[in-house]
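User: I should like a close look at one part of this protein, namely the residue that carries a modification in its database record. Please describe its setting, and then add the backbone features that deserve attention elsewhere in the chain.

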Amino acid sequence: MTVAIRHDFRSDTITRPSPPMRNAMATAEVGDDVFGDDPTVNRLEITAANLFDKQAALFLPSGTQANLIALMSHCERGDEYIVGQKAHCYRWEAGGAAVLGSIQPQPLNNQADGTLLLADIEAAIKPDDSHFARTRLLALENTTGGKVLPSVYVAAATNLARRYGLACHLDGARVFNAAAMLGVSAASLAQPFDSVSVCLSKGLGAPIGSVLIGSTPFIAKARRLRKMLGGGMRQAGIIAAAGLYALEHNVARLSEDHANAAILAAGLAEFTELSVSAPDTNMVFVDVAPAIAVPFSAYLAAHGIGITSAYTATQQRWVIHLDVSRDAVEAALEVVRDFFSKG
Ligand SMILES: *Cc1c(COP(=O)(O)O)cnc(C)c1O
């Protein structure tokens, strides 16, 4: 028997639009966005560009499409991008850049803190030689696996890329979480990059949508690619209104999610069978002693606690978001305590 999930820690993608967000959607002014006529989409794009202190932005249905279009805008056929093995835009996007863009990925191992070693990046940049793909782009991700990239590292990696003439893209699906953790603006985290993709539909709570942000010519190229990939949308103001609402109301509260993640991590860390890494942001990774991994996960599922497994069979990922409150964290910890007390 499967039990309905009562407290859903599977992902911050599961958030549902709140009544005021739905109201903003229902009352949004709309027009045909492919003609550039949708005032709400235009407002979202201007708002996003300003928030990130860049020239222009483009509204897209998904973060996957935003990354694909960014890669295709920076790279031509036969070019290459340097990227982490664990990066979303390498590992989790169905190989889109290779399939649809004829762009070769050059994946590098992620270190435990999510970074790519500068020496690995430098060694992977190919000289101008007809044997090689042309190395064009460095793609980083922040946050990555819930971790915030150190700003000193980002500066060093992007400076290195620039020295070799590479462009830099940030997969900033959760860049607002990184900004909240560091206490800096999202614009400052975007500053070293030519382009940034940002998800509105994760911790920010919109049902659909991402934005891609960059220079005016870059976004003009991206707009053409969006059309080519079937992403031109008509009265998209209905969904852009949710994204605008998210940017206006749900950014400042992300630190509450981080506080709840810290409480969850501390509660789980009380059990010697659970090895918990201290969360930077809204994700808690837990390595469960192999002997109990299966019954523990089954017990959580049977008690309505939704989680996913992460990088290994015995690793769990718990994600905090807008729709899991402090009370939900306490309720989940109660279930965990029950499991161990019944030992
Ligand atoms: C979720 C995610 C994406 C893709 O977003 P979708 O809207 O699910 O396509 C890209 N990058 C990262 C790091 C993500 O977590």
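Analyst: The account below begins with the annotated residue and then turns to the backbone.

The model is a predicted one. In its unreviewed entry, UniProt places the feature "modified residue: N6-(pyridoxal phosphate)lysine" at Lys202. Lysine 202 belongs to a loop, with strand E7 (195-199) on one side and strand E8 (210-214) on the other. The relative accessible area of lysine 202 is 13%, and because buried means under 20%, this lysine counts as buried. Once neighbours within four places in sequence are set aside, the contacts of lysine 202 are with Asp12, Thr13, Thr15, Ala173 and Arg174.

The backbone offers further points of interest. The peptide bond that leads from asparagine 142 to threonine 143 is cis, its omega being near 0°. Threonine 143 sits in the loop that joins strand E5 (134-141) and helix H7 (151-163).

Alanine 94, a residue other than glycine, has a positive phi, near 55°. It is found in the loop between helix H4 (88-91) and helix H5 (96-101). With a relative accessible area of 74%, alanine 94 is classed as exposed, because that term applies over 50%.

Serine 102 likewise has a positive phi in a residue other than glycine, here near 50°. Its loop runs between H5 and strand E4 (104-108). Serine 102 is partly exposed, at a relative accessible area of 33%.

Key
Residues numbered from 1 in each chain as written. Predicted model: local features only at pLDDT ≥ 70, side-chain atom pairs only at ≥ 80, totals over all residues. Heavy atoms only, no water. UniProt positions renumbered as here; feature names shortened; annotations may be inferred. Helix = DSSP H or I, 4+ residues; strand = E, 2+ residues; numbered from the N terminus. Buried < 20%, exposed > 50% of the residue type's maximum accessible area, 1.4 Å probe, protein only. Contact = heavy atoms within 4.5 Å.
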